[in-house]
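Hi,

Here is the structure I said I would pass on to you. Have a look at it first, and then read my notes below with the model open next to them.

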Amino acid sequence: PDGRYVAGYGDGRIWVADRQGRLTGSLSTIARKYLRWSPDGRALVFFEVGASREDRLVRVPVGKDGAISGEPEVLLNRVPTLYRGALDVARRSGRVAVATGDAITDLWSFDLATRPVTAHRETSGTTWYAGPALSPDGKTIYYYRGDALGDNVYVRDLATGLEEALTTAQSPGGSEPILSADGRRLAFHRVINGANQYQYVEFPSRRVVTVPIDSGGSVTPLGPGGFLVNQSGRLLTIDSLGKYVGRIALPDSLPIASVAASRDGTRLIVVAFPRAGRGWAIGSMGVTDSTMRIVGTLPAAEPPPSVNWDDGDTVELGRWLAPDPRPSIWRMSLVDGRLTRITDLPAPCTPNTIRVAAGSTVAGCEVKDDRNDIWLFDVEGVTR
């Protein structure tokens, strides 16, 4: 509040720095993205990620020298924040505003070979789902599911509807599970004992392996061995033991929204965030040479698209263009960037969750229905 310090959160750490950019304090924690100062500047207030569907509103004291001088103190426990942790603190009174409610997410599957497209609602209820990842043959779907036991990875047979848990940890999940192009490894991020971790499931054994690296972000399996980590828009490569291999630098330092890898793990298709005067950039690049060729662009005004690669010379994009009533799937040529509209989807999918199975005509997506209210709290230690 006095303008002397700035606080932020990223990669599992709250930090405080002075106006010259010198770090004055930090704290390892798994938090939601909203971070606020108390009116007197003596504390930071934020939501710490909790197990299941509820978070904890906490405060951490900050000294006059900008140092974080203590552990998080729980102010409100078990708050359903719709996995966002949206809050604000009134600058004068310190009254806390919080967005709470139900985050309802369902998974849908589609048969793209039929006209009109056949849709099937795979899940129904108030449980949180994230994904999906489709097997190359289009017969199974993998996803996160959150309930009172925690967030875990599941597999569902699309023909029978049979659902099985692949993990059973009582801890919060992270990024959506991503399947390798050959269907042999399913990688995902989760929080274990308060630390960011990567795990993957091997098929057909279903063995769960933890990659020993404390890092956040989505993780994509690369071929038979390593992984690609999208860490706050930066691409890093690690091997199967969690050892840092290198960083993939993009032209103009473009931050990455999403990425898809080829079957052999040597090529990438990326969707880069738009910059001023530009749209979403669709690029093709190698993992080792780090050179990206811009294949095409999409308007910056549309929501983030998904990208799906079948190892050919085309990719499928999930998009939602105004004023269309529903999202659609497009095909883009990697040779000349030409766009062809393939089909419209009969469900209000979130565009960047649309997935197309590489070896079949099956697609899937998330459909979200967030219902929230704004609550005001007088909280001891924050409100004056």
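Let's start with an arginine. The charged end of Arg185 sits over the ring of Tyr200, at 5.5 Å from the ring's centre. Arg185 also lies over the face of Phe227, and here the distance to the ring centre is 4.4 Å. Keep in mind as you read on that this is a predicted model.

Next, the aromatic rings. When you look at two rings together, describe them by how far apart their centres are and by the angle between their planes. The count of aromatic pairs comes to 7. One of them is Tyr129 with Tyr143, an edge-to-face pair with 5.7 Å from centre to centre and 65 degrees between the planes. Tyr129 belongs to strand 11 (residues 128–134) and Tyr143 to strand 12 (residues 140–147), so you'll find this pair linking distant parts of the chain, 14 residues apart. Are these two tyrosines buried or exposed? Tyr129 has a relative accessible area of 7%, which means that Tyr129 is buried. Tyr143 comes out at 0%, so Tyr143 is buried as well.

Another pair is Tyr144 with Phe188, again edge-to-face, with the centres 6.0 Å apart and 75 degrees between the planes. This one also links distant parts of the chain: Tyr144 is in strand 12, Phe188 is in strand 16 (residues 185–192), and 44 residues separate them. Both Tyr144 and Phe188 are buried. Going back to Tyr129 and Tyr143, they form one aromatic cluster together with Tyr154.

Now find strand 9, which covers residues 96–111. How many of its 16 residues are buried? The number is 13, so this strand is mostly covered. Here is how strand 9 connects to its partners:

- Strand 8 (residues 87–89) pairs with strand 9 in the antiparallel sense, over 3 bridges. Val89 has Val96 in strand 9 as its bridge partner. Strands 8 and 9 form a hairpin with 6 residues between them, and Gly94 in that turn has a positive phi of about 80 degrees.
- Strand 10 (residues 118–121) runs antiparallel to strand 9, and 4 bridges join them. Asp111 has Thr118 in strand 10 as its bridge partner. A hairpin of 6 residues joins strand 9 to strand 10.
- Strand 32 (residues 362–377) is also antiparallel to strand 9, and 16 bridges join these two. Here the bridge partner of Val96 is Phe377.

While you have those strands on screen, here is a general point: in a regular strand, side chains alternate between the two faces of the sheet.

Then there are the salt bridges, which come to 20. Arg121 and Asp106 meet in one of them, with 2.5 Å from N to O. Arg121 is in strand 10 and Asp106 in strand 9, so this salt bridge ties together parts that are 15 residues apart in sequence. What is the relative accessible area of Arg121? The value is 42%, so Arg121 is partly exposed. Asp106, on the other hand, is buried, with a value of 5%.

Glu163 is worth a click too. Glu163 forms a salt bridge with Arg145, where the closest N and O atoms are 2.6 Å apart. That pair links distant parts of the chain, with Glu163 in strand 14 (residues 163–165), Arg145 in strand 12, and the two positions 18 residues apart. Glu163 also forms a salt bridge with Arg156, with 3.5 Å between the closest N and O atoms. Arg145, Arg156 and Glu163 are linked in a network of salt bridges. Within this network Glu163 is partly exposed, at 25% relative accessible area. Arg145 is buried at 17%, and Arg156 is buried at 11%.

Two last stops. On the surface, Val6, Trp15 and Leu23 form a nonpolar patch, and together they have about 280 Å² of accessible area. Trp15 is in strand 2 (residues 13–18), and its relative accessible area of 31% makes it partly exposed. Phe47, in strand 5 (residues 43–48), has 0% relative accessibility and therefore counts as buried. If you compare Phe47 with Tyr5, they are 42 residues apart along the chain, and their C-alpha atoms are separated by 20 Å.

Have fun looking around!

Notes
Residues are numbered from 1 along each chain as its sequence is written. This is a predicted model: local features need pLDDT of at least 70, side-chain atom pairs count only at pLDDT 80 or more; totals for chains, interfaces and linings use all residues. Side-chain values use heavy atoms; hydrogens and water are left out. Buried means under 20% relative accessible area, exposed over 50%, partly exposed in between (1.4 Å probe, protein chains only). Helices (H or I, at least four residues) and strands (E, at least two) are DSSP runs, numbered from the N terminus. Two strands pair if DSSP finds at least two bridges between them. Rings of Phe, Tyr and Trp (its six-membered ring) pair if their centres lie within 6.5 Å; planes under 30 degrees apart count as stacked, over 60 as edge-to-face and the rest as tilted. A charge sits over a ring if NZ of Lys or CZ of Arg is within 6 Å of the ring centre and within 35 degrees of the ring normal. Patches are made of residues with over 30% relative accessible area and no salt bridge: like charges are joined within 9 Å, nonpolar side chains (Val, Leu, Ile, Met, Phe, Trp, Tyr) within 5 Å. Accessible areas come from the Shrake-Rupley method with a 1.4 Å probe; for residues, only the protein chains shown count as cover. A salt bridge is a side-chain nitrogen of Lys or Arg within 4 Å of a carboxyl oxygen of Asp or Glu.
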